[in-house]
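Visitor: I would like to know how the terms used for this model are justified. Can you take me through the reasoning?

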Amino acid sequence: NLLPKGKSMINKLILGTAQLGLNYGINNVLGKPTLDKGNQILDIAFAKGIRTLDTAGVYGNAHKVIGDYHKKNSKNKFKIITKLPKSFNSSDLKLIIKNYLEELNTERIEALMFHSFESYQNHIDIIETYKSENVYNKIGVSVYLNEEIDYLINDERIDIVQLPFNLLDN
């Protein structure tokens, strides 16, 4: 065990929620879980110590499943990392965030992510402006190319860089 005594990795794990809202996953033979099953999954995750969820508005109704869970379990609030649509108008950002907060039944988003580097390039200035309103804590970008990572490393406005990794590809 490489962790200091008394420390656990569980609080560093983030549960992805695409399958809560979509028929998602290469080995998914059961399809999208029911709302009750989704609540059970979130209940088990919370009971086991997972406190952060990764989601997106494009993950079907995953936001609403999470919001339903928060409504039914007001003491079990997850931190939420969610992604903006790949394409949106800057003038719609405030409404998008308001809808996300309502759907997720939360007052604050831990991290608001750009779903693509291109979206980041088009909208970073407006996102940075709204950060001061305290509805999200961090700004992130999902990337797919090394050049994008190199660029983002030098942007102090970006707190999180998400890159694809699949154990099966290695």
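**From surface to helix packing**

Guide: The exposed surface of the chain comes to about 10700 Å², with 51% supplied by carbon and sulfur atoms. The model is predicted.

Visitor: What pattern does the chain follow along the sequence?

Guide: The order is β-α-α-β-α-β-α-β-α-β-α-β. That chain has six helices and six strands. Of its 170 residues, 41% count as buried.

Visitor: How do helix 2 and helix 3 pack?

Guide: Helix 2 covers residues 35-47 and helix 3 residues 62-72. Their axes lie 10 Å apart, at an angle of about 65°.

Visitor: Why is helix 2 called roughly perpendicular to helix 3?

Guide: Angles from 65 to 115 degrees count as roughly perpendicular. The packing angle is about 65°, so helix 2 is roughly perpendicular to helix 3. The crossing is right-handed.

Visitor: Which residues make the contact?

Guide: Helix 2 brings L35, G38, N39, L42, D43 and F46. Helix 3 brings V65, I66, D68, Y69 and K72. By class, the contact of helix 2 with helix 3 has six nonpolar, two polar and three charged residues.

Visitor: Why does H123 count as buried?

Guide: Buried means under 20% relative accessible area. H123 has 9% relative accessibility, so H123 counts as buried. H123 sits in helix 5, residues 117-131.

Visitor: Which residues does H123 touch, not counting those up to four places away in sequence?

Guide: H123 touches F88, N89, S90 and F114.

Technical notes. Residues numbered from 1 in each chain as written. Predicted model: local features only at pLDDT ≥ 70, side-chain atom pairs only at ≥ 80, totals over all residues. Heavy atoms only, no water. Axes fitted to C-alpha atoms, helices over the stretch in contact; angles between N-to-C directions. Helix = DSSP H or I, 4+ residues; strand = E, 2+ residues; numbered from the N terminus. Parallel < 35°, antiparallel > 145°, perpendicular 65-115°, else oblique. Left-handed = near helix turned anticlockwise from the far one by under 90°. Contact = heavy atoms within 4.5 Å. Nonpolar A, V, L, I, M, F, W, Y, C, P; charged D, E, K, R; others polar. Buried < 20%, exposed > 50% of the residue type's maximum accessible area, 1.4 Å probe, protein only. Areas by Shrake-Rupley, 256 points an atom, 1.4 Å probe, with all protein chains shown as cover.
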